[in-house]
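Got your viewer open and your selection tool ready? Load the model, and let's walk through it one stop at a time.

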Amino acid sequence: MWLWGTGMACIAGAIVLFLIGGAVYYQLKLNQRKEGWTREEFVAEFRRLDVPEAVSGAVYDYYRRQSILRSYRVSPDDSLEEVYAASHDEIDDAALEICKKLGVELPPESVLRQWPTPLQTVRDMVLWLTWVSAHRSDDLQT
């Protein structure tokens, strides 16, 4: 019984170390990249495209929080998969979380399918959220 408990503790410890190691690796990889924009530069870039500051700011803040460093900066051209190691499901979850933060209700699936490209960059996320905001289900007659 004692050996079983000790063995389980070792396994649990190994799992915790593995998870910590993964988190540290992710943060090191994320913070290695040199490029990135201040929030003001990011918002100004999208203001040129008539994107509301609430949308571009919410996206910036979401991806900024992915790093533990206060100095971390987000770039519009950051790859969601390569920079943030996000899977398709994680990108969907991020989009839903940002929509919720913005108070944006998703339009019906038939409308969502009209978006022409997959979300691959932070820029894509900003533009998609702007598009979704303009196609809210309460505004549709579909």
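Start by selecting Ser 56, which sits in helix 3. Is Ser 56 buried or exposed? Its relative accessibility is 0%, so Ser 56 counts as buried. Keep in mind as you click around that you are looking at a predicted model.

Now show what Ser 56 touches. Leaving out residues up to four places away in sequence, its contacts are Phe 42, Val 43, Phe 46, Val 51 and Val 126.

Next, select helix 2, residues 39-47. Which residues are buried in helix 2? They are Phe 42, Val 43, Glu 45 and Phe 46. These buried residues span an arc of only 155 degrees around the axis, so they end up on the same side of helix 2. Here's a handy rule for looking at this kind of pattern: an α-helix has 3.6 residues a turn, so residues three or four places apart point the same way. To see what lies over the buried residues of helix 2, add helix 3 (53-64) and helix 6 (122-134), which are part of their cover.

Follow the chain out of helix 2 and pick Asp 50, in the loop between helix 2 and helix 3. Check its backbone angles: Asp 50 has a positive phi of about 65 degrees, although it is not a glycine. With 67% relative accessibility, Asp 50 counts as exposed.

There's another stop of this kind further along. Select Ala 85, in the loop between helix 3 and helix 4. Ala 85 isn't a glycine either, and its phi is positive, near 50 degrees. Its relative accessibility is 42%, so Ala 85 counts as partly exposed.

Go back to helix 3 and click on Arg 64. What does Arg 64 touch, not counting residues up to four places away in sequence? You should find Leu 69, Arg 70, Tyr 72 and Val 74. Zoom in on Leu 69: its backbone oxygen is 3.0 Å from a polar atom of the Arg 64 side chain. You can also draw a distance between the C-alpha atoms of Arg 64 and Ser 75. Those two residues are 11 apart along the chain, and the distance comes to 9.7 Å.

Time for the largest pocket. Select His 88, Asp 92, Pro 118, Leu 119 and Trp 128, the lining residues that lie nearest its centre. The full lining has 18 residues, and the pocket's volume is about 480 Å³. Which helix gives the most to this lining? That's helix 4, with five residues. Colour helix 4 (88-102) and helix 5 (109-112), since you'll find that each supplies at least two lining residues. If you colour the lining by class, you get 10 nonpolar, four polar and four charged residues.

Finally, zoom out and show the whole chain as a cartoon. You can count six helices and zero strands, so to speak an α-α-α-α-α-α run from the N terminus on. The protein has 142 residues, and 35% of them count as buried. Turn on contacts between residues at least 6 apart in sequence, and 70% of those join residues at least 24 apart.

Note on methods
Residues numbered from 1 in each chain as written. Predicted model: local features only at pLDDT ≥ 70, side-chain atom pairs only at ≥ 80, totals over all residues. Heavy atoms only, no water. Buried < 20%, exposed > 50% of the residue type's maximum accessible area, 1.4 Å probe, protein only. Helix = DSSP H or I, 4+ residues; strand = E, 2+ residues; numbered from the N terminus. Arc of directions from axis to C-beta. Contact = heavy atoms within 4.5 Å. 1 Å grid on protein atoms, 1.4 Å probe; cavity = no way out; pocket = protein on both sides within 12 Å on 5 of 7 lines; lining within 4 Å. Points joined across faces, edges and corners; volume = space filled by probe spheres on them. Nonpolar A, V, L, I, M, F, W, Y, C, P; charged D, E, K, R; others polar. Polar contact = N/O pair within 3.5 Å; in protein donor to acceptor, adjacent residues only side chain to side chain.
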